[in-house]
Amino acid sequence: MVSHPARPTSQAERRNGVIVGACVAFVVGMVGMAYAAVPLYDMFCKVTGYNGTTKRVEQASDTILDRTIRVTFDANTSGDLPWRFTPVVREISPKIGETVQVEFKAKNMANVPTTGQAVFNVTPMQGGAYFNKVQCFCFTETTLQPGEELEMPVVFFVDPEIVKAAETKDIGTLTLSYTFYARQPSKPVAALKPKDGTVPDRKL
């Protein structure tokens with residue numbers, strides 16, 4: 001009886017190929033989901049205040065309680081950004097619902113222009129959903145010239161709803177923390193030129 005060893009070997013190779021292909025597709029899909037999850041998670045946190053992320057609002061609160069809350073400020077920079085970054089005041093005690101403005105100072109200690117953008121959070125984390133920013137330097141990137149120092153405002157209020165939730169009603173202090181990270185400055189649209197080097201006609 002003549003055996004045919006090549007046939008089962010070919011079938012085994014096909015099966016192995018299918019398994020390998022499925023594994024590769026799974027890994028690629030998981031990596032893609034991981035990259036997509038980062039901006040989606042960040043967006044979720046900014047909208048809901050989850051994980052200590054403050055919320056951005058368009059207008060100030062129209063309700064002010066006869067109760068104050070202590071708010072402290074923390075400022076940091078990443079190791080690759082040569083800035084001195086500090087809050088002008090370390091703490092305030094506004095009324096809950098009162099819209100207030102505070103300033104932070106940043107100075108470029110390098111001899112070249114540098115650009116940074118701040119990320120932020122609030123502790124305790126459950127208070128982040130009630131810390132509402134109307135205006136903040138963290139919404140955009142900041143470029144400082146060599147030796148330039150800049151005062152940057154933050155306008156915010158603590159939502160009066162903070163006193164109603166069981167997990168936040170006893171919070172007496174909130175800490176707003178910023179960390180500035182170095183980044184490449186975005187080029188304005190007007191500065192972009194066609195590949196042929198010509199200047200576009202801006203006439204309508």
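Five strands make up an open sheet in this predicted model, in the order β4-β2-β10-β6-β8 and with mixed pairing. Its edge strands are β4 (91-92) and β8 (142-144), each of which pairs on one side only. Overall, the protein has one helix and ten strands, and along the sequence the helix comes ahead of the strands, in the pattern α-β-β-β-β-β-β-β-β-β-β.

**Strand pairing**
- Within the open sheet, β6 (residues 114-123) and β10 (residues 173-182) are antiparallel partners, joined over eight bridges.
- A118 has F180 of β10 as its bridge partner.
- β5 and β9 also run antiparallel, and eight bridges join them.
- A106 is matched with L150, its bridge partner in β9.
- β9 pairs with β7 as well, in the antiparallel sense and over five bridges.
- Opposite N132 stands F157 of β9.
- In a regular strand, side chains alternate between the two faces of the sheet.

**Whole-chain figures**
- The protein has 204 residues, and 30% of them count as buried.
- Among contacts with a separation of 6 or more, 75% are between residues 24 or more positions apart.
- The accessible surface is about 13,300 Å², and carbon and sulfur atoms account for 58% of this area.

**Nonpolar core**
- The largest nonpolar core holds 32 residues, of which F85, F104, F137 and Y178 touch the most other members.
- Two or more residues of this core come from each of β2 (70-77), β3 (83-87), β5 (100-108), β6, β7, β9 (149-158) and β10.
- Leaving aside residues up to four places away in sequence, F137 touches F85, F104, A118, T142, M152, P153, V154, Y178 and F180.
- That list includes F85, F104 and Y178, which are named with F137 as the residues touching the most other core members.
- It also includes both A118 and F180, the bridge partners noted above.

**T114 and its surroundings**
- T114 lies in strand β6.
- The relative accessible area of T114 is 12%, which is under the 20% cut-off, so T114 counts as buried.
- Its side chain makes a polar contact with the side chain of W83, at 2.7 Å.
- Beyond residues up to four places away in sequence, T114 touches L81, P82, W83, N108, T142, T143 and L144.
- Among these neighbours, T142, T143 and L144 fall in the edge strand β8 (142-144).
- T142 is a contact of T114 and also of F137.

**Disulfide**
- The protein has one disulfide, formed by C136 and C138 with their sulfur atoms 2.3 Å apart.
- A disulfide is a covalent bond between the sulfur atoms of two cysteines.
- The link of C136 and C138 is right-handed, with 130 degrees about the S-S bond.
- Both C136 and C138 are buried.

**Cis peptide bond**
- From T123 to P124 the peptide bond is cis, with omega near -5 degrees.
- Most peptide bonds are trans.
- P124 is found in the loop between β6 and β7 (131-136).

Technical notes. Residues are numbered from 1 along each chain as its sequence is written. This is a predicted model: local features need pLDDT of at least 70, side-chain atom pairs count only at pLDDT 80 or more; totals for chains, interfaces and linings use all residues. Side-chain values use heavy atoms; hydrogens and water are left out. Two strands pair if DSSP finds at least two bridges between them. Helices (H or I, at least four residues) and strands (E, at least two) are DSSP runs, numbered from the N terminus. Buried means under 20% relative accessible area, exposed over 50%, partly exposed in between (1.4 Å probe, protein chains only). Contact means heavy atoms within 4.5 Å. Accessible areas come from the Shrake-Rupley method with a 1.4 Å probe; for residues, only the protein chains shown count as cover. A polar contact is a pair of N or O atoms within 3.5 Å; within protein, one must be able to donate a hydrogen and the other to accept it, and residues adjacent in sequence count only if both atoms are side-chain atoms. A disulfide is a pair of cysteine sulfur atoms within 2.5 Å. A nonpolar core is a set of buried Ala, Val, Leu, Ile, Met, Phe, Trp, Tyr and Cys residues joined through side-chain atoms within 4.5 Å.
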